[in-house]
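Me: Could you walk me through this model, one question at a time?

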Amino acid sequence: MKKILVTGAGGYIGSVLVPYLLKKKYKVLAVDRFFFGNFLKKNKNLSCLYQDIRTIDKKYFNNIYAVIDLAAISNDPSGENFSKETYEINHIARFRNAKLAKKQGVEKYLLPSTCSNYGKVKDNKIANEESKLNPLTHYAKANSMAEKDIIKLASNKFCVTIFRQSTLFGYSPRLRLDLAINGMTYGIFKNNVLPVMRDGTQKRPMLHIKDAARAMEYFLKTDNKIINKQIFNIGDNTANYSIIELVREFKLIFKNKFKIKWYGTPDQRSYSVSFDKINKIGFKTKYNAEYGILELINKFNKNKIEKKSINITLEWYKELENMNNVIKNCSINNKILKL
Ligand SMILES: NC(=O)c1ccc[n+]([C@@H]2O[C@H](COP(=O)([O-])OP(=O)(O)OC[C@H]3O[C@@H](n4cnc5c(N)ncnc54)[C@H](O)[C@@H]3O)[C@@H](O)[C@H]2O)c1
């Protein structure tokens with residue numbers, strides 16, 4: 001059995017990817033600070049390691065077939081608030097992980113990056129892997145820097161693949177409601193109000209979380225000669241939506257029976273992306289927006305989901321920092337009442 005080290009394994013993607021890899025008969029070493037909790041079910045082929053990727057020891061990379069380096073500050077607003085940490089984690093720590101992996105004889109290193117790196121694509125053009133990046137935020141800049149440094153480590157013995165993911169949607173036990181489709185679906189579920197981010201013309205490719213997991217597993221089993229030192233956009237040519245086009249999808253599914261509430265200031269990021277390259281090596285997505293929306297509604301009903309700060313990445317990081325300060329200010333020898 002091949003062993004995969006997955007960093008950020010407790011996150012939104014990791015909580016779906018890890019069970020999928022276990023099902024596909026891989027062993028997994030799940031590395032995370034587990035800031036959002038640990039939703040990974042016990043399994044004889046899974047071990048969890050509570051470590052920070054900024055300081056992780058090289059010994060954990062021994063006897064690993066591949067690293068999937070998901071750990072990151074995972075969206076633009078969090079990157080703006082925690083910019084120093086975003087460069088430390090998304091760029092420096094993942095570059096360090098890739099170097100440790102190479103040194104310890106790991107065969108493949110997969111860097112989950114983002115289509116956000118395209119920033120604003122002008123004149124309705126479609127960005128492909130060769131397009132010049134235009135990262136507009138600290139999050140996108142840190143990811144672009146990681147891509148640039150890490151791809152140079154590729155060699156005959158060390159396969160490096162970078163994949164730029166579309167904006168994800170779909171259910172994960174570590175539920176993110178700060179992703180466009182997930183947040184919009186929650187609004188309909190909660191009170192029949194669709195929250196729509198201004199001004200609605202911004203374009204984004206969308207990708208179901210199960211397809212993201214499938215793509216990563218596809219890279220694990222694809223011949224290194226095909227994917228080494230390569231960058232792939234992950235998504236589907238039919239899933240480049242403007243937010244207004246997404247509203248139309250919701251109207252079709254819910255027969256127009258909801259109100260619309262605009263929020264935010266106009267989003268500068270707008271990009272349509274080509275997925276021809278990943279299609280050419282044989283990968284196609286399976287799950288469309290409608291599938292994801294209906295799946296989410298089902299899960300929200302079944303699990304009686306109530307939105308909390310833990311479902312909004314930035315709110316939760318701020319809350320953790322505040323809680324940490326409160327605890328520090330009233331503890332003695334790291335203890336509260338039970339001295
Ligand atoms: N979700 C999306 O739409 C999307 C789109 C494109 C790219 N991505 C990328 O995919 C990756 C995973 O995204 P996600 O949606 O699962 O995010 P997430 O925030 O749910 O997960 C990130 C995980 O990393 C962990 N983590 C953060 N800093 C750490 C550190 N220093 N050491 C150890 N663990 C740490 C967190 O505890 C969390 O479990 C990120 O790199 C993100 O940028 C996500």
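Reply: Happy to! Two residues are in contact if their C-beta atoms, placed from the backbone, lie within 7 Å. Please keep in mind that this is a predicted model.

Me: Thanks! Which residues in H6 do Val16, Leu17, Tyr20 and Leu21 in H1 meet?
Reply: The axes of H1 (residues 14–23) and H6 (residues 209–221) come within 9 Å. By class, the contact of H1 with H6 has 7 nonpolar, no polar and 2 charged residues. On the H6 side, the residues met by those four are Ile209, Lys210, Ala213, Met216 and Glu217.

Me: Is H1 roughly parallel or oblique to H6?
Reply: The two axes cross at roughly 50°. Angles under 35 degrees count as roughly parallel, and 65 to 115 as roughly perpendicular. The crossing angle therefore makes H1, relative to H6, oblique.

Me: And how are H3 and H4 oriented to each other, roughly parallel or oblique?
Reply: Helix H3 (residues 83–103) packs with helix H4 (residues 138–151) at an angle of about 15°, and their axes are 9 Å apart. Angles under 35 degrees count as roughly parallel. H3 and H4 are therefore roughly parallel.

Me: What handedness does the crossing of H3 with H4 have?
Reply: The contact involves residues of H3 including Tyr87 and Phe95, and residues of H4 including Tyr139 and Met145. Its residues divide into 8 nonpolar, 6 polar and 2 charged. As H3 passes H4, the crossing is right-handed.

Me: Let's turn to the ligand. Which residues around the ligand come nearest?
Reply: By class, the shell has 13 nonpolar, 9 polar and 6 charged residues. Strand S5 (108–114) and strand S8 (167–169) each supply at least two residues of that shell. Of the 28 residues around the ligand, the nearest are Gly8, Gly11, Ala72, Ser74 and Leu168.

Me: Which residues does a cis peptide bond join?
Reply: Look in the loop between strand S9 (193–197) and strand S10 (203–208), where Asp199 has its place. Omega of the cis bond is about -10°. The residues joined are Arg198 and Asp199.

Me: What is phi of Asn63 near?
Reply: You will find Asn63 in the loop between strand S3 (46–50) and strand S4 (66–69). Its phi is positive, in a residue other than glycine. The value is near 60°.

Me: Finally, what is the radius of gyration of the protein?
Reply: The protein has 11 helices and 14 strands. For 339 residues the globule rule gives 20 Å, and the protein is close to that, so it is as compact as a globular protein of that length. Its radius of gyration is 20 Å.

Note on methods
Residues are numbered from 1 along each chain as its sequence is written. This is a predicted model: local features need pLDDT of at least 70, side-chain atom pairs count only at pLDDT 80 or more; totals for chains, interfaces and linings use all residues. Axes are lines fitted to C-alpha atoms, for helices over the stretch in contact, and angles run from 0 to 180 degrees between N-to-C directions. Angles under 35 degrees count as roughly parallel, over 145 as roughly antiparallel, 65 to 115 as roughly perpendicular and the rest as oblique. Ala, Val, Leu, Ile, Met, Phe, Trp, Tyr, Cys and Pro count as nonpolar, Asp, Glu, Lys and Arg as charged, and the others, Gly among them, as polar. A residue is near a molecule or strand if its C-beta atom, placed from the backbone, lies within 6 Å of it. The radius of gyration is taken over C-alpha atoms; the globule rule is 2.2 Å times the number of residues to the power 0.38. A crossing is left-handed if the near helix is turned anticlockwise from the far one by less than a right angle, and right-handed if clockwise.
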